[in-house]
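Trainee: I should be grateful for a close look at a single part of this structure. Please describe the aromatic rings and their surroundings.

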Amino acid sequence: MTKRDFINKRRNAWRRFAELVKDLNLRRNRLSAEEMAEFSRLFRGACYDLATIRSRNWGTGLESYLNGMVTRAHNAYYSAPPGNLANSFRFVTTEFPRIFRRNIGYFLVAATLFFVPLGVTWTLVRLNPETASRIMSPEQLEQMGKMYEADEDEKDQGWLGYMEGFSNERSGMAGFYIFNNAGIALRVFALGMLMGIGTVWYLVYNGIFIGAAAGYITSLSDAHREKFLSFVVTHGSFELTAIAVSGGAGLILADAILHPGQRTRMEALKVRGREAVQIAIGAAFMLFIAAFIEAFWSPAPLPANVKYAAGATMWLTVFAYLGFAGLDFKKE
Amino acid sequence: MRSAPVPRVDLTESVETPENVVLTYQLAGPALRLGAYLIDLLISGVVYVFCLMIVFAAAMAGRVGLGAGVALILVFLVFWFYFALTEWFFRGRTPGKMAFRLRVIQDGGYPITIWSAVLRNLVRVVDAMPTAVGAAFPVYGVGLLSAFATGNFRTLGDLAARTMVIEENPVRLPREPVILERIQPLNRSEIGGFSPSARTLSLIEEFLGRRYVLTYRRGHEMAQMLAKVLAKRLNYQGDPEVVTRYPMAFLASIYATFHKTLDDDKDTAGLTRGPDARAGQKRPSQPSQNAANGDRA
């Protein structure tokens, strides 16, 4: 059969195929059963035609015509069903904690890199508050001291002032915490692609900075200490843990590049990158929760003991969530 | 999948599908991707401006905090997830990519998954490094470096998510380059026994099909090169003026003479060459004979 005859014979099938590909691309899996069967048949036919054209050297024009159609059909035909809300819910309640536990080693490394510098700096600055000035400028220190001063005005206003700020400053802070903290967490994760150098640097740097701030404020006075600790204890559970979680996700990427094992580096990235990004998104979700707690609960004019109790509950919640949510007793 | 690295000058990538057919993809180069990126940047810029307006409106109503909160969450979502969500929702195409006919696909030609879209666009902040003027002006140095180093133009995000950005040009069935019936085939008595390969004939066909891309002079200059070689191989005894002055017409005649044998398996081609050649000579007066002959071959 000559090229001309071949084209004449197959032209109508290709036309119909092109139509169906277009439909499938536009309407996302909404072809009828008959149309789908037809599509499938035409698809295989077009693949066969493409192979024929290639083997007979019938020119790049015809080849790229069929290649273009088949690539589009391939892309549309093998698409997964679209995600839905139930999937997102399942991700939060089950998938994320499970994936997290499968990769807990990375989290433990990231947590060490973050919490050890935090604790050491906190202790050192607490013992010798002067050293805080090595990490932060005097203006920053002064501002931080003011932030956690026992404010007489605020005490007078009490609940009234707090409620008034609810729909204003508080919301503003919530937005800022999400923008800033979740942004940092996602950046810490992404930097894993540069062999984790940025991830480690961010974890250690933030550990030192937060430790220094905490050490300085708690060394100012008992009132400062109580106000600061009761403020941070509740949201700190989600916030600090989430930073370490996303750091761990970044380390997964870094480890895939540095220690690919029996796979090629690209292959290792492909396999482990998927779990890594899921953990990072889980961390961002935790920071969303942290932001709302920090903005709306933490500044509430409640007795310190109530806040400590709430804080303890939250730390337990985080621990239980990451440790036990979606636990599959048969597998884990 | 690409096996051993072969030096290439084009940006194509081949993929073998479950149907056992090899598909080739035209990878998108830096210029197109930059263009698409700028359009997307413009769109997210519009959202940022909208956020500013929210803050101003809220400030007028005495609720600047609330406005700032909403705006910051919006900015966060757009900055981190605009690309990921549009790529996922429009099956690999952000609005910018749509404008430039680009599409992100998984290795293997499959549509991009939500996690791949999120991953490749989270890693975007690393690709965008270094940033100038604070973080306002991304240089995309890392992404470019990675794109050139990988050879198949993958940024770090593409590497992590196993994706590639391809060009999707519109597909059209190529037209017949010439009206075959009007071309006078070569006189069999003027040429030897040589018969050009299918590849050569395809080349002639494509060259003729795209002859309008070139100027008349340049087109004929190029056609002459091939025409001279073929005239020699064919041991062409006819008017030499035809080869030098009308090389395109000469090539068309060669095509008209031999195109019937273009596809035949080697064995059947040998069997049918004689009768086919005669049929080819007669064809101008009997175009309908075409199909019958073809089927027999």
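Mentor: Helices here are DSSP runs of H or I with at least four residues, numbered from the N terminus. The model is predicted, so local features need pLDDT of at least 70 and side-chain atom pairs pLDDT 80 or more, while totals for chains, interfaces and linings use all residues. Residues are numbered from 1 along each chain as its sequence is written, chains are lettered from A and ligands numbered from 1 in the order written, and side-chain values use heavy atoms, without hydrogens and water.

Over all chains, 29 aromatic pairs are found (rings of Phe, Tyr and Trp, the last by its six-membered ring, with centres within 6.5 Å; planes under 30 degrees apart are stacked, over 60 edge-to-face, the rest tilted). In one of these, A:Phe39 and A:Phe43 are tilted, with centres 5.9 Å apart and 35° between the planes. Both residues belong to helix H2 of chain A, where they are four residues apart, about one turn. A:Phe39 and A:Phe43 are both buried (under 20% relative accessible area; exposed is over 50%, partly exposed in between, with a 1.4 Å probe and protein chains only).

A:Tyr78 and B:Tyr110 form an edge-to-face pair, because their planes stand at 90°, with ring centres 5.6 Å apart. This pair joins two chains, since A:Tyr78 lies in the loop between H3 and helix H4 (85-102) of chain A, and B:Tyr110 in the loop between S3 and helix H4 (114-122) of chain B. A:Tyr78 is partly exposed, at 28% relative accessible area, and B:Tyr110 is partly exposed at 29%. Ring pairs link these four residues with A:Phe17 and A:Tyr77 into a cluster.
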